[in-house]
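Student: Could you take me slowly through one part of this model, beginning at the surface and then moving on to the ring pairs inside?

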Amino acid sequence: MARVPAVKRRRLTPPASDGEESSPPTLESEPRTTGGKSNQFFNNASSWNLEQDYENRPRKGKKREKESTRLPIKTSDGLIQQVEVPEVTEEESDLEWLGADESMEEEVVEVKKPAIPVRQQIIEAKEELAKIALMLNEDPEENIGAFKALAKFGQSPITTVKKLALATQLAVYKDVIPGYRIRPLNEQDMETKVSKEVKKLRAYEQALVGGYQGYIRELAKLAESGRDGPSQDGGPSLRSVAIACACTLLTAVPHFNFRGELLKILVKKLSLRKVDDDFFKCRETIETLFRNDDDGTSSLDAVALLTKMMKARGYRVDESVLNTFLHLRLLSEFSWKASTNHVDRPSKKDEQKIAKKQRVFRTKKERKMLKEQKVIEKEMAQADATVSHEERDRMQSETLKLVFVTYFRILKIRSPNLMGAVLEGLARYAHLINQDFFGDLLEALKDLIGHAETGDDLEGNEYTEEGDEGDEEATRNLTREALLCIITAFALLEGQDAAKAQASLSLDLSFFIAHLYQTLHALSLNPDIELSAKSLHLPDPNNLSAPPPTTANNKINIQTTTVLLLRSLASVLTPPLAARAVPPLRIAAFTKQLLTCSLHLPEKSCIAMLGLLDRVTKTHEKKVAALWNTEERRGDGQFDALSREVEGSNPFATTIWEGEILRKHYCPAVRDGVKTMEKNILGLR
C-alpha cells in the first residue's frame with residue numbers, strides 16, 4: 001500500500017523563545033511591549049484589518065455599458081435609431097481638472113466655413129425674399145417680424161442682393177400700406193385698455209410704420225451717397241434704384257406717413273444742375289403729384305420744399321424745375337385773387353346776400369328732413385375722409401402765395417436762365433393775381449424791357465456753380481424776354497373779369513405797344529425766328545472761330561420767336577376784352593409794318609403772319625380800308641416806319657404796296673393768304 005504524503009501545515013506564529021510565553025493562536029488588537037524584531041512585526045500585524053483591505057481592493061472585470069439617457073430619433077428613411085453618446089475615458093475624466101488651466105491659454109482656432117459663390121448667394125436671396133414677400137401679402141398682421149427680415153437683406157455687401165431687397169420692400173409696402181395715415185400712439189393711448197383685436201392691429205401698424213421709416217431712411221442714404229453710372233453688376237446704380245423707389249412710393253401712396261422725407265429725396269436731386277435720367281424722373285413725379293392732388297396738402301408740401309431749395313441755392317436751378325408750378329391744379333380750380341402776402345376771399349355779407357336770393361320756401365317737414373339729410377351727409381363725409389372745399393381752398397391759397405413769392409424774387413434779381421419761365425408762369429397765373437399788385441408788377445416788366453434795350457443785363461449774367469463740371473454758360477436772349485414781358489402785361493389785363501376790369505382798372509400799356517412796334521423790323525430779319533430752344537443749330541460757315549451754337553444757349557422758352565411774336569400782336573390788335581375799341585392809328589400802323597415784315601419772313605412765319613392779318617382785316621376792315629386805295633388817303637405828310645411812337649408814324653400817308661409782291665410769292669399758301677386778306681377789305685368775304 002502506497003504511502004500518502006502528509007499535508008503540510010503552515011505555522012502562523014513563530015516558536016516561543018526562551019523565557020517568553022507562546023502567543024495566543026488568534027490575532028489580538030492589544031499591543032505588546034516585549035522586545036525583538038519578530039515581536040515588533042507581530043505587533044504591527046495585529047492592527048491590520050485584512051478583510052476591510054480586501055473589500056476596498058479594486059476589482060478587475062468587464063466594464064458595464066452606460067445607459068443612454070437620450071431619446072431615439074427617426075431618420076429620413078423612417079427607421080428609429082438610438083443616438084450614441086460619445087464615450088469619455090477615465091483617464092480623460094481624471095485629468096480633466098489638471099488641463100483646465102492649460103486649455104484656457106491655448107488659442108481658439110476658428111473653423112472657416114466654405115465660401116459660397118456670389119451667384120449662389122443671389123439665388124438663395126431671391127428665394128428667401130420671395131418667401132417673405134409672400135408671407136406678408138397673405139397675412140401681414142401675423143408676420144410683423146418679416147419687415148425686419150426684409151431690412152436685413154438691404155445690409156448685404158452684394159450690390160445685386162441690396163437692389164433686390166429695395167425692390168421687394170417697394171412692392172410689399174405698396175400692397176400693405178392702408179388708405180389712411182397712421183398716427184403715433186401717445187402715453188394715454190398706451191394706458192387705455194383695448195380689446196385683443198385692437199391691440200393686435202396697433203402692434204401691426206406700429207411695426208409697419210417702423211419698417212417703412214427705416215426703408216425710407218435707407219433710400220435717402222443711398223440717394224445721397226450712392227455713385228452715378230452703372231454698377232458692378234452691369235445694371236443701374238444704387239442711387240438710381242433708390243431714387244426710382246422714392247418716386248414710385250410718392251406717386252402710389254402720397255397720403256401715407258413720411259411724405260416729407262420722400263419729397264426731400266426728389267427735391268435734393270432737382271437742386272443739381274446736372275440733368276440726367278434721374279432728374280427727369282424726379283421732375284415728372286413732382287408734376288404727376290401736382291396733377292393728382294385732390295386736397296392740396298401734398299402740393300403745398302412740395303411747393304414749400306421747392307421754394308426753400310431755390311432760395312437757398314440763389315435760384316441757380318434748371319428752368320424745368322420752375323416750370324413744374326404750371327402743373328398745379330389751382331390754375332383751373334382756384335377762383336380767388338392773391339398776391340405774395342394775402343388772398344382776397346369773398347366776404348360773408350356777399351355770401352349771405354346770395355343765399356337769401358337763392359332761398360327756396362320749404363315746409364316745416366321738408367326743413368326737418370333736409371336737416372337730417374345734412375347730418376347724414378356730414379357723417380358720411382367724415383367716414384370717407386373727404387376734404388371740404390374750404391380746406392382745399394385754404395391749402396391752394398397758401399400754395400399760390402409761395403408761387404408768387406418765388407416768381408417776384410426771381411424778377412427782382414433777374415436770374416438769367418429763369419426769366420423766361422417766370423414770365424411764362426406769370427402769364428399763366430395772371431387771372432389769379434390781385435389787382436392791387438398790378439402796378440408793381442408792370443413797373444418790374446417795364447424795367448426789364450428797358451434794361452433789355454440798353455443791354456445792361458448782359459453784364460454778370462454768366463455764372464458757374466461748384467460741382468457742375470462742364471456746364472455751359474447760360475446766354476440770355478433779350479428779344480425773347482421782351483416779347484414775354486409784353487405777353488405777360490396783356491395777360492394780366494385779360495385774366496381779370498371784364499366788368500370789373502372796365503370799372504376799376506386803368507392800366508397804361510402804351511409802353512409795351514411802342515416797344516413791340518419798334519422791334520418788328522429786327523425780328524423779321526432774325527434768321528432763327530423759327531427755331532426754338534430745342535432746335536438744333538448748325539455752325540456758321542463764315543465764322544469758323546465762333547463756338548458752335550447749342551440748345552443750351554436758348555434756355556428761356558420752348559416756344560419759337562414767331563409764336564411769341566404772334567401772341568403779342570394778337571393781344572395788341574385783337575384783345576378779347578374790347579377788340580373794336582383799338583384806335584385806328586394803331587391798327588393801320590401795325591398792318592403796314594407787318595406787311596413790310598412779311599416780305600422778309602420765312603415761308604411758315606409769313607403764312608402765320610398773313611393769317612393774323614386776315615383776322616385783323618375781318619374785325620377792322622373799315623379802319624384800314626384806306627391803306628389799299630390811294631384816292632381815299634386820309635393823312636398828309638410822310639410815313640415814318642422807324643418812328644418810336646405808333647401814333648407818330650403817320651400810317652394813313654402811305655399805301656399797301658407789299659401785297660403786289662406777295663402775290664408772286666413762290667408758296668401757294670402765301671398767295672392765297674394775300675387774296676383772302678384783300679377780299680376782306682373789299683367786303684367780298
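Tutor: Let us begin at the surface, where F41, W48 and L50 make a nonpolar patch of about 370 Å²; a patch here joins residues with over 30% relative accessible area and no salt bridge (a side-chain nitrogen of Lys or Arg within 4 Å of a carboxyl oxygen of Asp or Glu), with like charges joined within 9 Å and nonpolar side chains (Val, Leu, Ile, Met, Phe, Trp, Tyr) within 5 Å. Areas come from the Shrake-Rupley method with a 1.4 Å probe, and for residues only the protein chains shown count as cover. This is a predicted model, in which local features need pLDDT of at least 70 and side-chain atom pairs count only at pLDDT 80 or more, while totals for chains, interfaces and linings use all residues. Residues are numbered from 1 along each chain as its sequence is written, and side-chain values use heavy atoms, with hydrogens and water left out.

Within the patch, L50 has 56% relative accessibility and therefore counts as exposed (exposed means over 50%, buried under 20%, and partly exposed in between). L50 lies in helix α2, residues 50–56, where a helix is a DSSP run of H or I with at least four residues, numbered from the N terminus.

Turning to the rings, the structure holds twelve aromatic pairs, a pair being two rings of Phe, Tyr or Trp (its six-membered ring) whose centres lie within 6.5 Å, stacked if the planes are under 30 degrees apart, edge-to-face if over 60, and tilted otherwise. The rings of F147 and Y173 have centres 5.7 Å apart and planes at 10°, so this pair is stacked. It links distant parts of the chain, since F147 belongs to helix α6 (residues 146–153) and Y173 to helix α7 (residues 159–176), 26 residues apart. F147 and Y173 are both buried, and ring pairs link them with Y212, Y215, F256 and F258 into a cluster.

A contrasting arrangement appears in Y517 and F590, which form an edge-to-face pair with 5.4 Å from centre to centre and 75° between the planes. This pair also links distant parts of the chain, with Y517 in helix α23 (residues 510–518) and F590 in helix α26 (residues 584–598), 73 residues apart. Y517 is buried because its relative accessible area is 0%, and F590, at 0% relative accessibility, counts as buried too.

For the wider setting, 39% of the 685 residues of the chain count as buried.

Note on methods:
Helix = DSSP H or I, 4+ residues; strand = E, 2+ residues; numbered from the N terminus. Buried < 20%, exposed > 50% of the residue type's maximum accessible area, 1.4 Å probe, protein only.
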